[in-house]
Amino acid sequence: MTHPAKKNAIAWTLVVGLGLATSASSLAAEFYDDFDDGNWDGWAVYNPYGDPGDTLTPVLVPSPEGWAVQGVGSGYGSPEAAYLVHPLPLSGVVELSIEMRAKSGSVAPTHSTLALFNGDDYNQGYDYGENDYAMFSVRYDGVEEYFGEYPIDHEWHDFKWTRDAEGWWSLSIDAQLVLSNFLQDVTLTSFDAVALTVCREHSEIEWVRIVPEPATLSLLTLGGLLLARRRR
Ligand SMILES: [Ca+2]
Ligand SMILES: [Ca+2]
């Protein structure tokens with residue numbers, strides 16, 4: 001009899017092999033907005049620190065690539081952050097990337113973030129200028145936890161947080177892998193919205209991109225079916 005762990009390894013090899021074989025042809029339902037048309041059509045705009053229902057007009061400013069979303073105000077106690085939310089229904093997503101080109105100033109409070117929401121839960125990447133690092137957070141049942149801090153300056157950078165087929169999160173900055181497997185978490189595989197924050201006028205976001213890999217779950221499901229059949 002084959003040892004169960006070895007069976008798993010065989011099944012995983014199949015899954016990975018199938019994944020490699022089909023990934024080139026699988027179509028990812030990518031979400032992307034660069035705001036270079038000079039508007040934020042499709043996004044709802046909020047003031048995250050105001051009263052419920054408060055809106056706040058963010059600023060679209062000329063940027064190296066066209067237009068960028070900029071935060072509003074400076075310091076504490078002045079008009080605050082721009083918070084933009086766009087519907088994005090996704091389900092069955094394991095492999096995933098959360099990407100943005102952003103910069104974030106050094107004067108607190110300031111940050112640029114991009115999050116994928118499911119209800120009140122989320123997975124979120126930060127260009128956290130006021131603390132001079134990038135980081136990643138998850139919020140489940142109202143509790144936010146932080147992971148993957150990596151030092152960063154206050155210039156434009158391309159941030160890419162990725163989750164692989166086994167749930168491991170990694171961070172690349174400007175196409176260089178800087179943190180590998182800093183967290184293993186697959187709590188959220190369905191999402192309903194994408195949201196970005198630009199906090200105060202020192203922070204800007206040039207573009208945002210979400211790349212789910214819908215093929216992954218079907219392959220994982222197939223792997224699970226293979227395992228189930230072998231167990232019978
Ligand atoms: Ca637009
Ligand atoms: Ca742009």
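## Salt bridges in the model

There are 5 salt bridges in this structure, which is a predicted model. Side chains of opposite charge can pair when their charged atoms come close. Let's walk through some of these pairs, beginning with the ones that involve Arg-209.

## A network around Arg-209

Arg-209 and Glu-30 form a salt bridge through their side chains, with 3.3 Å from N to O. Distant parts of the chain are linked by this pair: Arg-209 belongs to strand S15 (residues 204-212), while Glu-30 sits in the loop between helix H1 (4-23) and strand S1 (31-33), and 179 residues separate them. Arg-209 is partly exposed, because its relative accessibility of 22% is not under the 20% that marks a buried residue. Glu-30 is also partly exposed, at 46%.

Arg-209 has a salt bridge with Glu-99 as well, again with 3.3 Å from N to O. Here too, distant parts of the chain are linked, with Glu-99 in strand S6 (residues 96-103) and Arg-209 in strand S15, 110 residues apart. Glu-99 has a relative accessibility of 8% and therefore counts as buried. Through shared partners, the salt bridges join Glu-30, Glu-99 and Arg-209 into one network.

## Another link from S6 to S15

Which residues form the salt bridge at 4.0 Å? They are Lys-103 and Glu-204, whose side chains meet at that N to O distance. Lys-103 lies in strand S6 and Glu-204 in strand S15, so this pair, too, links distant parts of the chain, its members being 101 residues apart.

Are the two partners buried or partly exposed? Lys-103 counts as partly exposed, with 23% relative accessibility. Glu-204, in contrast, is buried, because its 9% falls under the 20% limit.

## The calcium site

Now for the metal. The calcium ion (ligand 1) is coordinated by Asp-37 and Asn-39 at 2.4 to 2.7 Å. Asp-37 is listed twice with OD, and Asn-39 contributes both O and OD1.

How accessible are these two residues, Asp-37 and Asn-39? Asp-37 has a relative accessible area of 54%, which is over 50%, so this residue counts as exposed. Asn-39 reaches 23% and is partly exposed.

## Pulling it together

Strands S6 and S15 are linked by the pair Glu-99 and Arg-209 and by the pair Lys-103 and Glu-204. Arg-209 also pairs with Glu-30, which lies in the loop between helix H1 and strand S1. At the calcium ion, the coordinating residues are Asp-37 and Asn-39.

Definitions and conventions. Residues are numbered from 1 along each chain as its sequence is written. Chains are lettered from A and ligands numbered from 1 in the order in which they are written. This is a predicted model: local features need pLDDT of at least 70, side-chain atom pairs count only at pLDDT 80 or more; totals for chains, interfaces and linings use all residues. Side-chain values use heavy atoms; hydrogens and water are left out. Helices (H or I, at least four residues) and strands (E, at least two) are DSSP runs, numbered from the N terminus. Buried means under 20% relative accessible area, exposed over 50%, partly exposed in between (1.4 Å probe, protein chains only). Donors are N, O and S atoms within 2.8 Å of the metal (3.2 Å for Na, K and Ca); water is not among the atoms, so sites may look incomplete.
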